[in-house]
Amino acid sequence: MACMKLGSKTDGFQRQGQAWFCTTGLPSDVTVEVGEMTFHLHKFPLLSKCGLLEKLIRQKSEEGEDGCVIQLPDIPGGPKAFEPAAKFCYGMKMELTASNVVYLRCAAEYLEMTEEIAEGNLITQTEVFLNQVVLRSWKDSIKALQTCDYVLPYAEDLQIVKRCTDSLAIKACKDPSLVGWPIIELGPMQSPGGSILWNGISTGARPRYSSSDWWYEDVSSLSLPMYRRLISAMETRGIGQEIISGSLTFYASRHLPGLDRRQSISEAYIRLEPRALVALPSEEEQRHLLEEIDRLLPSQKGLMSTKILFGLLRTAMILRASPSCMFNLERRIGMQLDQASLEDLLIPNFSDSTETLYNVDCIHRIVEHFFARNQMIGGASPDVADDDQFLGSPTLIPVIAVAKLVDGYLAEVASDANLKPSKFQALAAAIPDDVRPLDDGLYRAIDIFLKAHSWLAESQREELCRLMNCQKLSLEACTHAAQNERLPLRVVVQVLFFEQLQLKTSIAGCFLVSDNLDGSRPLRSGLPISGEDTGWASAIRENQVLKVSMDSMRMRVSELEKECSSMREELEKLMKGRSGWSAGGRKFRSNIIKGQICSAQEDAISKERDTEQRLEKEQLKLAKYQKHM
């Protein structure tokens, strides 16, 4: 740390308890009280340098008091600043450093130690040291800005805070390797001159600091008011928002212990403060810090990682931050929800009034923010005719990722017995049905929920199952659902029908490809397969694989037809076998079951027509491609 030596006389100040004495051989004729400390001094040295003390001593003399006692309760810096100022008046040896120059500059202004009183007075000396030494050094500027907290009103009036923040902002916007500032402490591989050592020998090479985050750790030691002023100065200088976000992340990680969910508060603070034992900030201080960081965060998407935002949100819930802070964090997360992981979404429920394990309401709000913003920026409509275009659309990739993420979250929280069906259904319905390529994830979540909530009525089970589209289940999911006893009977019938429909469509496609390939084979005999012919080569290989599995598919179709017929027979026996029922009751029950089957068949028939239309389009595409080849 740089210093400036003033004065030439030997230090004659001695402290005894709460009092300072000047041992010059003359008795003290003035007593100055600063806080709890008393200074026994002499009038002449003070009158020669301090305009304020000259006025107060003259006033005491005019009043005719025997002992001259002057009280300075409001002097900035207190006894710590008045002691070196008094030594300066006596011409004793003292040092100006980055740690005390702000105190002395404010105290000199308070004591009116100007050039009109004496040439080369303390105001001039501190200004020269501050401008020519402190503000030219990164470390000294940081240290001076830290001391401004204790004399803040005076430091603001004297523009010391502004000068320090402007100096630091200018240095942060430049590459420190081009200037050679002593940004970091000397390591074991650096000489006192700063050059790199090799086997203890100086190589003359200078270490380079090319990373843009070299200043994060230094500014994180500032208090929140000083840090806020510095960030504002950096934004004025045009520093990048991504760099500001990185600094905010580092600052929050240092001053909000436990921000990382994988470590405790004490472990986090020990890791961030290895050099000294620092008291943990109070809950009120942490809440104020968190709300201030939320106000400083840039509004652009993706500048701060989603994991850090979720950490801030969890901390805000623990600290019970303001509703506006919680809303802003949820909105920021919703802007980039597609970058989150399932672990990030598992936010524990910190409220005492609810019994659920995870905060499902918060995730529901975040999902709504995501789709509201996606609709606002004009995201592509999922209602596209071509499935390949649907899956490959760049604007729909984030939407599909969020749908998959929410389905995984639903499967994770579905096992909570205290989770109400209405909340589960609301979160599942927040995802538009058209953005899910497959409903296998949603089916898995519904199955887990039904298993954990076995007491649900049949109507509630049917209402939950309406969330998924049986036509968008894969063959594996259809096979599992057909044997699932937890699903309502109507849903099982729909699943069986669509599974049979998928198998028939697959078999029809196999025959279509086989006929086209067989018809084109004589025309292509003897021609090598290369270039554009690679598409036909892959089609031939697929045809061979499909022919191998053709027999197994036919067997599966026949088994499903038998199961459907046996199920119809059982239903008819059930309606006729109960002799205790009245004629009206039997008719009512029969109408209900027939209505369920009919409605299921009507839905299936309409969807079968859509599938047939889709199949006709594929056949036209294949015919065009064959004609082109």
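Me: Let's start with Arg320: is that residue buried or exposed?
Reply: In this predicted model, Arg320 has a relative accessibility of 55%, and because exposed means over 50%, Arg320 counts as exposed.

Me: Where is Arg320 found?
Reply: Arg320 sits in a loop, the one between α15 (306–319) and α16 (323–335).

Me: And what is its phi near?
Reply: The phi of Arg320 is near 55°, which is a positive value in a residue other than glycine.

Me: Now Glu112, what about phi there?
Reply: Glu112 also has a positive phi although it is a residue other than glycine, with a value near 60°. Glu112 belongs to the loop between α4 (101–111) and α5 (122–132).

Me: How does Glu112 count in terms of accessibility, and why?
Reply: Glu112 counts as partly exposed, because its relative accessibility is 28%, and that class covers values between the buried limit of 20% and the exposed limit of 50%.

Me: Switching to the interior, which residues touch the most other members of the largest nonpolar core?
Reply: That core has 154 residues, and those touching the most other members are Leu41, Leu72, Phe82, Leu111, Trp215, Leu312 and Leu337. The helix that gives the most to this core is α20 (residues 397–413), which contributes 10 residues.

Me: Take Leu72, then: which residues does Leu72 touch?
Reply: Leaving aside residues up to four places away in sequence, Leu72 touches Val32, Glu33, Val34, Gly35, Leu52, Leu53, Leu56, Phe82, Tyr110 and Leu111. Two of these partners, Phe82 and Leu111, are also named among the core residues that touch the most other members.

Me: How many cavities of 30 Å³ or more are there?
Reply: The structure holds two cavities of 30 Å³ or more, and the largest cavity contains about 100 Å³ of space.

Me: What lines the largest cavity?
Reply: Its lining is made up of 13 residues, with Pro298, Gln300, Met304, Leu309 and Arg332 lying nearest the centre. Sorted by class, the lining of the largest cavity comprises six nonpolar, five polar and two charged residues.

Me: Last topic, confidence: what pLDDT does the chain average?
Reply: The chain averages a pLDDT of 78, and 69% of the residues score at least 70.

Me: Where does pLDDT stay under 50?
Reply: One such stretch is residues 205–209, for which the model nevertheless has 18 contacts beyond four places in sequence. Residues 520–537 also stay under 50, and for that stretch the model has 17 contacts beyond four places in sequence.

How values were computed. Residues are numbered from 1 along each chain as its sequence is written. This is a predicted model: local features need pLDDT of at least 70, side-chain atom pairs count only at pLDDT 80 or more; totals for chains, interfaces and linings use all residues. Side-chain values use heavy atoms; hydrogens and water are left out. pLDDT is the predictor's confidence in each residue, from 0 to 100. Contact means heavy atoms within 4.5 Å. Helices (H or I, at least four residues) and strands (E, at least two) are DSSP runs, numbered from the N terminus. Buried means under 20% relative accessible area, exposed over 50%, partly exposed in between (1.4 Å probe, protein chains only). A nonpolar core is a set of buried Ala, Val, Leu, Ile, Met, Phe, Trp, Tyr and Cys residues joined through side-chain atoms within 4.5 Å. On a 1 Å grid over the protein atoms alone, a cavity is a set of points where a 1.4 Å probe fits but cannot get out, and a pocket is an open set with protein on both sides within 12 Å along at least five of seven lines; lining residues have an atom within 4 Å of a point. Grid points are joined across faces, edges and corners, and a volume is the space filled by probe spheres set on the points. Ala, Val, Leu, Ile, Met, Phe, Trp, Tyr, Cys and Pro count as nonpolar, Asp, Glu, Lys and Arg as charged, and the others, Gly among them, as polar.
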